[in-house]
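Hello,

Here is the structure we talked about. Please open it first, then read my notes below.

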Amino acid sequence: MKNLLKYLSVSIILFLLNSCEKGFEDLNQNPEFPTQTDIGPLFNFVIQSTQLGGDEQLFMHNEVIYPITQQGALTAETFQNTPRGTEDIWTRYYTSLANVRELEKRFDEYEGDQEATSNVRAMVKIILAYQTFRVTDLFGDIPFFDAGKAFQSLDNLEPKYDDQGTIYKFLLDELKWANDNINTLPDPKTSAGEAYLNFGNFDNIFNALGNNGNENVLLWKKFANSLRLRYGLRMVEKDANFANPIFQDVLENDLPLIEEGEDVGLFPSELDWEKNSTHYSFHEHKKLRMGSTIWNMMSENDNLDGSGIFDPRAFIFFEPNNADEWVAFPQLPNVNTEVAGGIPYQGHRDVSYATKGSGNIYSPFNYYLIRDRYDVPEIMMTAAEVKFLKAEIYFRGLGVAVDQGEARAQYTNGVVNSIKFWQNIFQNTNIWENTPAVLSSGEIFSVANHPKINIFTSNDQLKLIYAQRWMDLFRQPWEAYALLRRTQATPREGAIPNYYRFTYPSTEIQNNAINWAEQVARMGVDSPETKVWWMN
Amino acid sequence: MILKFTKGDFLTNPNYNMRSKFYLKISWSFIFTLFTVLSIFGQKNIIRGIVYDEFGEVLIGATILEKGNPENGTTTDIDGSFQLELGSAKILSLTLEVSYTGYATQEVEVKNTDPLEITMTSSVSAIEEVVVTALGIKRQKRELGYSTESFEGDAIQLSQAPNIVNSLQGRSAGVQVSSANGVDGGTTRITIRGNNNIDSDNQPLIIVDGVPLQNQAGLENIGRGVDWGSAINNINPNDIETYNILKGPTAAAKYGSRGANGVILITTKRGKQQKGIGINYSLQHKIIQPYRYRDVQNVYGAGGPTTLLEPTLPTDANGNYRYPTQDDIYLTDGVFGQSSTSIFGFYGTGVSWGPKMEGQIVQWWDGEMRSFDPQPDNLGLYFSNGNTTTHNLSFSGGGEMGTMRVSLTRTDHKAIVPNSNYNQTTVNIGSTLNISSKVKADVAVTYLNYQRLNSPTLGDDHLNSFSKGMIYSFPRSYKGLEKEINILPDATQNNYGGSFPFLYAGPNIWWNTYNNNTNLDRNKLIGSLSLNYQITNWLSARGRLGLDFSFAQFETRNNPIDALGILNGRYENELAKDRVLNNDFLITATNNGLFESLIDITLSVGGTQWSRSQYGLKARSGEWVNPWLFNFNNYADGQNSQIPREVFYDKKINSIFSFLNLSYENFLFLELSGRNDWSSSLPIENNSYFYPSGSLSFIATEAFDLKLPWLNFLKLRGAYAQTATDTNPFQVNFTYRTGSFGNNQTAALPTTVPPIALKPQRANSYEVGTTMGLFDNKINIDFTYYYIRSYDQILDAVLSTSSGAPSGIRINTGELENKGIEAIVSATIFQRKDFFLQTGFNIGRNRNRVTSMGIGAKVKEIANIWGTEGPTISVREGDEFGTIMGFDYQYHENGQPILNEEGTHYLVTSNRIPIGNASPDFIAGWNMKAGYKGFTLSTLIDTKWGGDIYSGSYVSSLQNGQSPLTLLERQGGGLPYTDPAGNNRNVGVVLPGVYADGTENQKVVHYLFKYIPNTGGWGPFLSTPGILENSYVKLREVTLSYHFNEKFNQRAKVFQDLTLSLVGRDLFYIYTSLPDRINPEGANGSGNAQGLEWAAFPGTRSFGVSLNASF
């Protein structure tokens, strides 16, 4: 009867049938969004995704990482909502990864000469490596090879976890591929004469430096090699046989690296981007202050008037308390430590700068540094860091011969580069009013010669290299966290807490339940106390 | 002498004898001749009579048929009288069938009385009534193979419920109405036979005069929001003739996809011939009283968990008491050597762990000296009585040409919260027009204008939620000073010099209430026009055009707070138009006595074209530069916030359908239907889908000619139906997200994997049931068992973020089943001319199971109240719909919860796990109706039994020391405890549980540890203590009416009819399982997530009076 009815009904209005679906396709077209796009806008999205999330900064950096690295000190207990931070970075990364996969797919499906995709492929590999290293360093093993592929196939909906060592080696190989395949000629063509694909103005990392055309790709090449040093060094204690040839390749072949003025990051003013997340993370979380550890790296003594400060970065990173005095919060407070308070990060300081609140008895982070929405970049890698990387490699003779002289030179240049970099930031900014004096190059060199940080007179030169790299990483606390975990030798007071990683986000535990359980079985327990692969 | 035909519907009245119709034309002249002869021949063959209702009032328009010769019939006139010619038949051997909507059809043996007096009794179960079924087709209820229930509009109107859906609460088996938290005018949730959709709407389709009404919820978010109500609030109860509830997909199969959750059919009034001048006036007025506030302690005032000593007020330099500031409430060191929040976790400034309120003189936070005394009424500071007044004037008349009714209604409502009200003006025209003997038209048009000023903020909101403020921000010593001082003499906002001590509910609630105004102005036109053409005596056709058009404007004006008239000024405007067209046709052929047999057959074929087109435009001003200028252009240089946002929706469904009714004699009825839809929202290859239904009913008492004294009617029925549902538009084609970064475009994949080959989701439903009439229909019993399996659900299956699609994948997956029983018993206990007593009881029990979540994760969160910092409502594979997930105790293998070594904190699971379920065990309603002379008293009691809620108000009230339960130890009812200063007081507790090694905790700790870190609230807390069983029994409604008798009306010479009524609604809970007078009906919003309560408004009751007069 069912069929009879169906055919009866259908036959009766057969003449209407065509009109039954007439115009449906047009009607069902979403007027709000485009149905196609090019690789440029996709790449721009991936770059945009490298932004730090507000919750990552608030709940991971400010509440957990700064106190561990002792680049800052917490005056009171925290919200302890770390999962909100991990959820933030996890979502940002994997959303970006899906678009990286889309780009990779488009390159694979490119109908012309595959060589023409070399430069854009390399750029995607580099940004992917940067993002992936950041995430795996925080969590350890993560889903990677099968991850971000939900849009490609229904077989990839529940990605399994990959071993961090495998991810590291894969990405370092990819970075080498980038170096080997990036064509830096002004108007590159394939051997068949086909023009290379490029991202044009959609490359918002190096466009920001005012470079045009294909000049950017050289900077990408430099970024790739600099990353090879950073991450090669991170795994060197675990697998020197893999890491050492990287240093050898980069340094002995004199491959291009990030140099002074080529610091990599997102520069809001260049991007017409109003960066609010940092201020959010500080005004929502008011407890972070200058700690005694970093204070001791920048000042000869504890004079309240700051007369002991020798490192000008003190004036950039921090500011005096409500009484205009320089007071560090003790990294290891005791019962006699005075209770902190105050409102040094609230927006009222835009109009009432001096009002830090009566309880603000310890030096806060510099309000301008955390409030500025236009001129303080989100840093990915500075030229100074590259110098410190080279200093360590030469000092320890990793893949290259030990060269103390070169190490010391790189170190000193690193300090100088770093001070210049930070000095440039406040020099370029619009909102900083009572900016510190600008030091000349000579004055900056004399800072590097200050007995406290002079490598030529130091008893523990390697520790100084770590310390100054740690200083330079002031606004990349996750990098300082990795440095601490690897070297156990960054400046600090007291023991290193056994907080080695972040636990996986709760949505991952719930929504990728089977693979998470397998991962936990492999690693023992999903706890901060479980070391990541490259840690000893 | 005129031969009158039955006014029954030609199309569907199976009693109509088709064969004789064939001879009709031919016999026309003969009949006339014959009648003329007969009329001369025998006056005795005319029967005269009067039909009364149970109150002795005449019934106009009752149908009188000659039994066995249904062609011969008439209706009563305006005096309730009729006369019927009986041809050659002998009067005394005759039986008449007398029927009237809402009354039990009677068979009356003709006696030798003139006139014959017939008294009709209103039908409680109405086994015999004629009901409106799908597509507006009237059928005898006795024949139906599926369950429907119908209600008179008048009874619903009398209840003065906030809207017509609310008025159905407790009246219908298996129909669950959830009155959402808030004020009158808010959204109400209604489900029939449980939840059948994981991701999409579970509410039934509402059809008004054949036009499907768009009824989107005004608030779905249960955590927070402003509830602007849904379109159902605009339906005017005064204009409604009947409601019919078609339960489950069986009956609704004919409505296609949109009827899959059941259908509520509303028929508006059409006018009728009546006595007098045909004017009817009614007035309803009710007062809404907020009365049921959360129970609180009124002994201890403001104070944080900052000391283990006897709490005291802080003092100033001179030793005088001052009101606790935020710094006093959150100590960073104190006796613990740590911050109080690191010991106790997060709590609001509403903490009332301070000293006793004993009238101490305290310097208040505003600097004034005030006494620190109990404030038992401060929960009511924001509330006052509301009221609603409705006037309705209608004109009604009828004649040979047809009928007409014009109605004008005005409703004014003042809410129980300040600066909030609405009004509605409705014009309704309902008319039937007899264009010719074969063509009839039916027109219904409703135009309404609805104006609503402000709707209160519900649930969690830092700025505007007073209810949240009273739990989380304001302590028991709160005096509500801001109510008076929120505005300074120069009309600017008072910021209290920065001394405002309360956090988490803003200092500006009062300011915002009066100065941030949003006005909704909605114009709505619902119209339907249908033409019925009786082409031949066996073939008819009907065409209908239906329109539901809404045009709404939301305008927000936030007054600036400074003297310049700039700061925080805001202007927003949103225009939305929504147009639904629903056009259909239906061709029906009937043949009674098919092939000379006892089989009657009706075959219908029809088609529907439904389309909806929605467009919205919304924009706002930026940061102002021009004072007091409410427009989009008011923005500072460099801003672009005036760029408008748009909303689109376009969908069309074309359908054809056919149904076949077969009946054998008068006891076996079969109905088969098939429908094919083409939906624009599905991919071309899957956008055509067919679904069938069938139902069979068997009236055993007729078939076997049973004449048992106790059983006069027995019907067995069974039905099967499939429905198929499409989805929202704009999903089939892949689109990219776009934005901009670095002055360049960005494009990204969506966060949801778009559907690849979407197909309709389907539900198969089965039902069997029986209807019994006992003791001459004095007791009627209707029982139904149903089973519904919903599969191929279109949902956003949850994927792990690491898949790259954090919002999941839209796909046909997942499966649910619902099964349940519905029982309705109605009984006429006593019935005499002057006195009657009737009662009815209905119960519905639904069991749901999420049999499969299909692809992706096995749990899908559908709502939460505190983001990741609290419980959620989720759909979880293997559970019933409505799993409450939260942070639970960690249990030792001996079953005891584990505590830390100090015995102060329970260990909590690191992830949310199932801790409760919101599905009720059953819902039921019981009504009684008694009448004596003109008085009628009726009561309605309803219950929801079983099912959990997570009550955020309850746990926060414990945490903040507001609940009376927190008094126990503070008042010395605890265990001996030595505080840090060495004082021994009976304020200790031992938290039940064990240490990690399994040994029992015996450590006596301060009472603060019992309540603050271990009861719950926002933050990384235990959720389990907030799970409460939520059962209640409520006296929903009591009405008392007096119907003035005819003598009075005749004497007064003004009225044709006059009724006065009193109604009390939502009077009180006879039983509730919740502690602290937590509102059992306090869930916000009307989305699929029910079962979380947070910061609910007080319970309200209303008292109303109404007057109904005809002239």
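Start with charge. Chain A carries 46 positive and 71 negative side chains. The centres of these two sets lie 3 Å apart. Bear in mind that the model is predicted.

Next, the surface of chain A. The accessible area comes to about 19800 Å². Carbon and sulfur atoms hold 48% of that area. As for the interior, 60% of the 536 residues in chain A count as buried.

Now the fold. Chain A has 22 helices and 6 strands. Its C-alpha trace spans about 95 × 55 × 50 Å along the principal axes. Does that fit a globule, and what radius of gyration should we expect? For 536 residues, a compact globule would have a radius of gyration near 24 Å. Chain A has 26 Å, which agrees. Contacts between distant positions matter for the count here: of the contacts in chain A with a separation of 6 or more, 75% join residues 24 or more positions apart.

Last, the partner chain. How many residues of chain B are in contact with chain A? The count is 78, and they touch 71 residues of chain A. Together the two chains bury about 6300 Å². Carbon and sulfur atoms give 64% of that buried area. Three residues are worth finding on the chain B side: Tyr736(B), Phe741(B) and Ser802(B). They supply 12% of the area that chain B buries against chain A, more than any other three residues.

Best wishes

How values were computed
Residues numbered from 1 in each chain as written. Chains lettered and ligands numbered in written order. Predicted model: local features only at pLDDT ≥ 70, side-chain atom pairs only at ≥ 80, totals over all residues. Heavy atoms only, no water. Helix = DSSP H or I, 4+ residues; strand = E, 2+ residues; numbered from the N terminus. Rg over C-alpha atoms; globule rule 2.2 N^0.38 Å. Buried < 20%, exposed > 50% of the residue type's maximum accessible area, 1.4 Å probe, protein only. Contact = heavy atoms within 4.5 Å. Areas by Shrake-Rupley, 256 points an atom, 1.4 Å probe, with all protein chains shown as cover. Lys, Arg positive; Asp, Glu negative; His and termini not counted. Charge placed at Lys NZ, Arg CZ, Asp CG, Glu CD. Buried area = accessible area lost by both parts, 1.4 Å probe.
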